[in-house]
Amino acid sequence: MIHPIPPGTRDVLPDEMREQRAITDGLHATFAAAGYGEVWTPTLEYEEVLGTSAGASGYRLFDDQGDVLALRSDMTLPIARLAATRYPDAEPPLRLCYFGHAYRAARRGSGQATEFLQAGVELLGVAGPEGEAEVISVLLEGLDAAGLARHRVGLGDSALYRELLANLEVPAEHHADLLARLAGKDLVGLEMRVSQLGLPDSAGRLLSRLPELRGGPEMLERAHEVAGPALDGLARLYATLEDKGVADRVILDLGLVRHMTYYTGAVYEVYDPAVGFTLGGGGRYDELVGRFGSPRAACGFALDVQRVHVARAAEEGLR
Amino acid sequence: MSAGLTVAVPRGALMGGTLDLLDTLGIDTAEVRSNDRKLLFEDAGIVTMRPSDVPTYVAQGAADIGITGKDVLLEQPDRVVYELLDLGFGRCDMVVAARRGDDAMDEALRRLGRVRVATKYPRIASAHFAETGRQVELVEVKGSVELAPLTGMVDGIVDLTATGTTLRENDLEVLEEITVCTARLIANPVAHKLKAEAMDELVARIRESQS
């Protein structure tokens with residue numbers, strides 16, 4: 001007799017759970033020590049609150065009133081809602097953390113989890129590089145506490161490419177197509193489309209080769225000369241990270257784009273050389289909380305706990 | 001390979017061009033060329049597989065980079081990989097074809113409101129018919145697509161053709177060209193960051209050899 005569970009979901013048995021718990025305990029201790037209070041939000045929310053584009057997982061159902069409910073696809077949207085509705089007048093900053101399952105529909109056979117445990121923090125009411133630098137420091141400390149040793153954080157700016165397009169006076173009708181190719185990591189298509197714009201060589205090269213610009217502060221300095229003030233924000237953030245002594249784990253990546261559309265500034269992703277997938281990521285989303293009626297600057301990150309666990313096991317295999 | 005990158009090499013039509021390219025980069029492919037059944041060549045840093053599996057291995061990080069056709073990438077848009085370079089070789093056309101001198105497709109569209117099309121490329125085919133405003137019923141087949149219109153199962157096909165010989169031999173003709181497909185160099189997103197130097201050097205050397 002077969003009693004299947006839906007593809008992309010899983011049962012967790014005691015051996016795995018013990019190791020996973022050690023990871024979440026390590027993360028939780030780090031978040032708590034940094035002053036982040038743990039919150040819990042409902043797994044199901046109204047679809048119109050989450051929004052169909054960024055927030056909904058692809059799983060929805062009707063409740064007994066005929067309203068459409070949706071499973072959350074990440075924790076950032078629910079926490080933006082929580083912050084705006086439960087703390088409308090709170091003195092900033094507000095530091096919140098969470099451990100909760102999120103959901104995303106995936107193609108069968110893709111090996112992708114449809115239900116995954118996220119651990120993360122949101123820092124609300126702190127604008128500028130101080131906010132992002134704090135969050136990235138907590139992220140790196142958390143991964144240390146979770147038992148990883150070789151992790152790296154890729155750091156970019158979600159507004160950078162748009163700003164470069166505006167500065168180089170690329171006609172607005174081309175922006176969406178170029179941004180889609182950048183986000184789709186289609187560098188061949190990007191180069192082809194940029195070459196059709198008839199820009200001066202240096203400008204065309206900057207727009208088509210931006211994703212190749214990744215590395216340390218020397219790369220940023222060289223790029224700064226070409227890209228100009230569009231890189232000021234990233235340079236300030238990197239300097240703040242250097243002051244905090246965590247910059248050695250950070251890889252600057254000027255072409256970095258994240259899947260979620262609510263990011264307005266810095267974005268980051270977590271890598272480990274032992275595995276070929278990202279372990280999590282985050283960024284600045286200054287316009288999201290305002291969508292729920294209480295505008296404020298915000299940034300955060302989320303880690304996929306199972307992926308962190310896989311990376312930790314893989315790191316042990318390499319040692 | 002020397003720089004510590006693992007390469008996913010496609011077996012089949014793109015294999016020759018791929019191995020020639022790796023030779024020009026100083027990677028020893030002699031063992032791969034002389035061994036038809038072995039799949040993993042650790043010394044050379046090469047794994048071989050069918051072209052449609054290349055994005056899978058690269059997306060999962062089992063290979064850092066890979067070579068595959070644009071047709072494969074168009075058909076698997078949800079695999080997250082960098083498309084770094086158009087390598088130029090392995091040029092093929094993705095086409096709509098039907099029986100010669102037969103207007104079965106137009107006739108089906110006019111009288112029955114849709115065309116029936118057989119293909120191994122359902123995503124490319126459905127996108128093409130959607131873009132051109134025609135309703136389509138796709139029939140997915142695994143083997144020789146040319147057979148499908150000859151038996152009357154479908155009105156036309158969407159398939160990849162290099163020279164058109166197979167189509168001609170089966171009395172089919174090309175009606176529409178959808179896109180040109182060439183071999184592409186793809187990369188795992190994490191390796192693209194963590195092995196940036198090796199990857200950039202490789203891309204620069206290929207660009208140099210192309211120009």
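In the predicted model, helix α6(A) passes helix α7(A) in a left-handed crossing. The two elements, which span residues 175–183 and residues 187–195 of chain A respectively, have axes that come within 8 Å and cross at roughly 155°. Because angles over 145 degrees count as roughly antiparallel, α6(A) is assigned a roughly antiparallel arrangement relative to α7(A). On the side of α6(A), the residues that meet the partner helix are A:Asp177, A:Leu178, A:Arg181 and A:Leu182, while α7(A) contributes A:Gly189, A:Leu190, A:Arg193 and A:Val194. By class, the residues of this helix–helix contact comprise four that are nonpolar, one that is polar and three that are charged.

Helix α7 of chain A also appears in the contact between the chains, where it is listed among the elements that each supply at least two residues to the side of chain A that touches chain B. The other elements in that list are the strands β7 (152–157), β8 (214–215) and β9 (250–253) of chain A. In total, the contact draws 19 residues from chain A and 18 residues from chain B. The side of chain A that touches chain B is made up of seven nonpolar, five polar and seven charged residues.

With regard to the interior, the largest nonpolar core contains 119 residues, of which A:Val121, A:Ala298, B:Ala8, B:Val58 and B:Ala187 touch the most other members. Helix α4 of chain A, covering residues 128–145, gives the most to this core, with a contribution of seven residues. For B:Ala8, when neighbours within four places in sequence are left aside, the contacts are with B:Val47, B:Met49, B:Val54, B:Tyr57, B:Val58, B:Ala63 and B:Gly66; one of these partners, B:Val58, is itself listed with B:Ala8 among the members of the core that touch the most others. A second core, separate from the one just described, consists of 26 residues and includes B:Val117, B:Ile124, B:Leu160 and B:Leu172.

Chain B as a whole has 10 helices and 11 strands, and its C-alpha atoms fill a box of roughly 60 × 35 × 30 Å when taken along the principal axes. Of the 211 residues in chain B, 42% are buried. Among the contacts in chain B with a separation of 6 or more, 66% are accounted for by residues that lie 24 or more positions apart.

Key:
Residues are numbered from 1 along each chain as its sequence is written. Chains are lettered from A and ligands numbered from 1 in the order in which they are written. This is a predicted model: local features need pLDDT of at least 70, side-chain atom pairs count only at pLDDT 80 or more; totals for chains, interfaces and linings use all residues. Axes are lines fitted to C-alpha atoms, for helices over the stretch in contact, and angles run from 0 to 180 degrees between N-to-C directions. Helices (H or I, at least four residues) and strands (E, at least two) are DSSP runs, numbered from the N terminus. Angles under 35 degrees count as roughly parallel, over 145 as roughly antiparallel, 65 to 115 as roughly perpendicular and the rest as oblique. A crossing is left-handed if the near helix is turned anticlockwise from the far one by less than a right angle, and right-handed if clockwise. Two residues are in contact if their C-beta atoms, placed from the backbone, lie within 7 Å. Ala, Val, Leu, Ile, Met, Phe, Trp, Tyr, Cys and Pro count as nonpolar, Asp, Glu, Lys and Arg as charged, and the others, Gly among them, as polar. A nonpolar core is a set of buried Ala, Val, Leu, Ile, Met, Phe, Trp, Tyr and Cys residues joined through C-beta atoms within 7 Å. A residue is buried if 20 or more other C-beta atoms lie within 10 Å of its own, exposed if 12 or fewer, and partly exposed in between; C-beta atoms are placed from the backbone.
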